[in-house]
Amino acid sequence: MLSPSMINDPEHLLDGLTEPQLEAAAHVDGPALVLAGPGSGKTRVITRRVAWLLHQGIPAWQVLALTFTNKAAGEMRERIDALLPSTMTNRRGLFVATFHAFCARQMRNHAQLVGLDSGFSIYDTSDQRSAMKEALSTSNLDSGNWTPASMLSAVSKAKNDLKTAAACEEEAGDFYTRAVARAYQSYSKILRRNNAVDFDDLLLLTAELVRTNEAVRSELQNRFKYVLIDEYQDTNHAQFVIADGIANAHGNLFVVGDPDQSIYGWRGADVANILEFEEKYSGTKIISLGRNFRSTGHIVAAADALIRNNRRRKHKDLHTELGDGEQVRMIRCQDERHEAEQIALAIRSASTDGIDYRSMAILYRVNALSRVLEDSLRSAGIPYVIARGTAFFARREIKDALSYLRALANPLDDVALARIVNVPARKIGAKTLKAIGRHAMHEDISLFDALLDVNRVEGIGPRARRSVEIFTQTVARWQAQLENGHLAQLAGFVAQVITESGLEAMHLGTGEEDGQERVANLNELVNAAAEFEMPDEELDGPPPEATDANESTLPIVDSAPVAGLLEALRSFLESVALVSDQDAIDESRGAVTLMTLHAAKGLEYDFIAMAGLEEGMLPHARSQEGEQELEEERRLCFVGMTRAKRRLVMTMAASRAVRGQRNRTVPSSFLSEVPEEHVSLERLDGSGGFDEGLSIVYDSEFIDESHDEEGRGLGARFPAGTVVRHPQFGIGTVRSISPRGTVSSAKVAFHGIGTKTLILEYARLEIVHG
DNA sequence: TGGCCGTGACTTTTT
DNA sequence: GTCACGGCCA
């Protein structure tokens, strides 16, 4: 076994590490898999290891570290930087980025190889939706059988598996898959025509490039001799191909992750990547980090007990040496308002106990839950921020401003142009636009070129014609400015477009109630542009000497430093397109953070409140159909619980209004999977218990010892084959029964509905015949 | 052309 | 409860 004293470590990089941490941090060559439980010092290991590599004389520009969020990338960069002596000569050029940003960078450099212009746009969800809408209507698929959103998710799935539209076409069998293939085809065409890509394309096209283009592959292989990937359990097939393509030449692939924290299966993440890593890379060094340095005993034990209910997992022993700490508080509240108040109270008392607001967070399964929590925090006078980086850029006024900028950065982007050509209203209405669109289609030119050609378009009145001319002149002026300007003018330019486009006046003028707020948001966008820094040469770009080494292949990955205004704008738009919700978190604000469980991945807080622990909420109703989905929900719950360092509160509301409809709820089965000795249970919903079946079950789970006869007994009454009646789903047949915690879950096939997984104790099944 | 209002569909999670 | 869309009127 290694120990610091056995290794020459003058910079003390390996000091204070546990044995397995040391093993990982001092790993240099060959494949390595670090299975890092929650709070096991993962980031510490990664940063020390990078510093260690450089310490061994490996130039920083040969190291590539990939993360999932910009926040994680930024933190990693900072922490590595802090570990490196400023005198170190080989510290320049470290490449730390998110997968998506890395891919965007590759594509800017090799745009022509994938049939794009380097000014390509990155479409966000709403752009994708308009593109898909158009795709469906042009290929006569808009019959109402499927929505743009469902088609997009099918296409996304295909892309994550690296399937092209042609491949989908080929293997399409039934009506639905054929429709998907056609929609995919037509959607891709639209994106291509607009010189645009979606999020999945960034990965897909880069993977294709790495896989099929020898020159690009060897360029990447030659530069990046050491590849690190964080949160490896959440990589999808495309990401695997990219990482593998770069690293298989030298095998220096170092991945860190935790299968128990895999929560992006729905997005194409493939846990097999981490589970089968050692088979794919022979000679893999496997290091398991189980000791938790984050949370106190009851929290770790509670989370551990929960996750043990997953069948498809590799067990890892979780333990802490931080002492028992406090029990997990579980509070049953009356309704969602009451729940929000209880959480506010818990935050107050945590604050009194010396926990800073900035070290507290409230987590929930769906964004819709944030509203009521916000209300209660506001009236309690507790400062809070919502981690929703993407929401800011989805606001109408911001999307408008960005569409202006995008149309300027990428003149082929018809989606952006169409959005703003008449915003604010400038007499270029639907009719005019349609005529112009037809002309563009007919002449096979972009919408903007068609606007320039307005005098040749029929069916447009003189007034509209004049308006179009004024608009195109303004745009031309901006474009000229972009060509000639430089980086430092970015914020000024953004402000100018906001003013000269009339957007600002539009929101100020009409006396809209929220006009002021919208203008403030636009100013915020200008601030973002002012704070935007081009990818930093110091830590991000390769040093000049790197260029020489690769002259025989292609120019080095990164081209000359960008200084022009146009490049700056494109870079800015790219960074804006790739923001994550986590990026909105700013610890310096001293506020409680609200976010989804998904967004909480990788973060930690002294105090965590988890809201909405109800069946249908967590686990979410949409994921209760199969065992796999249920296990992912359980992992999500596990991720949430393990964010807490000292205090964990889990709440549920006995009744909750969903979509305006108030419903009684059933406590999440996850709650009952936590052993009593780690829990302090509080019932504040006022119900006596015996008059209501649900609360009896809830009681029995935690307080009553009588659950054995009630719980286990039920499974025996519904053997497979029993025909039952469900109040909502109707008649069905029991397929199988399996014990889950102290209750029994049944898979029941309902006529015309499909198979549902039900908790026998909660679903009021009636036996039709046995 | 543009704005207003009523109706209906829909919400899981995100780079 | 919210958003998007289509129809209707100034």
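**Close-up views of a predicted protein–DNA model**

**View 1. The protein surface beside DNA strand B.** By class, the surface near DNA strand B consists of seven nonpolar, eleven polar and eight charged residues, where Ala, Val, Leu, Ile, Met, Phe, Trp, Tyr, Cys and Pro count as nonpolar, Asp, Glu, Lys and Arg as charged, and the others, Gly among them, as polar. A residue is near the strand if one of its heavy atoms lies within 4 Å of it. This is a predicted model, in which local features need pLDDT of at least 70 and side-chain atom pairs count only at pLDDT 80 or more, while totals for chains, interfaces and linings use all residues. Residues are numbered from 1 along each chain as its sequence is written, chains are lettered from A and ligands numbered from 1 in the order in which they are written, and side-chain values use heavy atoms, with hydrogens and water left out. Of the 26 residues around DNA strand B, those that come nearest are R365, N422, T432, S580 and R659.

**View 2. Polar contacts with DNA strand B.** A polar contact is a pair of N or O atoms within 3.5 Å; within protein, one must be able to donate a hydrogen and the other to accept it, and residues adjacent in sequence count only if both atoms are side-chain atoms. An N or O atom in the side chain of H100 is 3.1 Å from a base oxygen of DNA strand B. Phosphate oxygens of the strand lie 3.1 Å from a backbone N or O atom of N367 and 3.2 Å from a polar side-chain atom of R622.

**View 3. The open sheet and helix α2.** An open sheet of six strands, with parallel pairing, follows the order β3-β2-β6-β7-β1-β8; helices (H or I, at least four residues) and strands (E, at least two) are DSSP runs, numbered from the N terminus, and two strands pair if DSSP finds at least two bridges between them. The edge strands, each pairing on one side only, are β3 (95–98) and β8 (285–289). Strand β2 (residues 63–67) pairs with β3 in the parallel sense over four bridges, and L66 stands opposite A97 in β3. Helix α2 (residues 42–55) packs on the sheet, and its direction makes about 170° with that of β6; contact means heavy atoms within 4.5 Å.

**View 4. The packing of α6 against α8.** Helix α6 (residues 148–160) and helix α8 (residues 175–193) pack at an angle of about 85°, with their axes 10 Å apart, the axes being lines fitted to C-alpha atoms, for helices over the stretch in contact, and angles running from 0 to 180 degrees between N-to-C directions. The two helices α6 and α8 are therefore roughly perpendicular to each other, a term that covers angles of 65 to 115 degrees. The contact of α6 with α8 has eleven nonpolar, one polar and one charged residues.

**View 5. Loops with cis peptide bonds.** V423 and P424 are joined by a cis peptide bond with omega of about -5°, and P424 has its place in the loop between α19 (414–420) and α20 (430–443). Another cis peptide bond, with omega of about 5°, joins L618 and P619, and P619 is found in the loop between β15 (605–610) and α29 (627–641).

Definitions and conventions:
Parallel < 35°, antiparallel > 145°, perpendicular 65-115°, else oblique.
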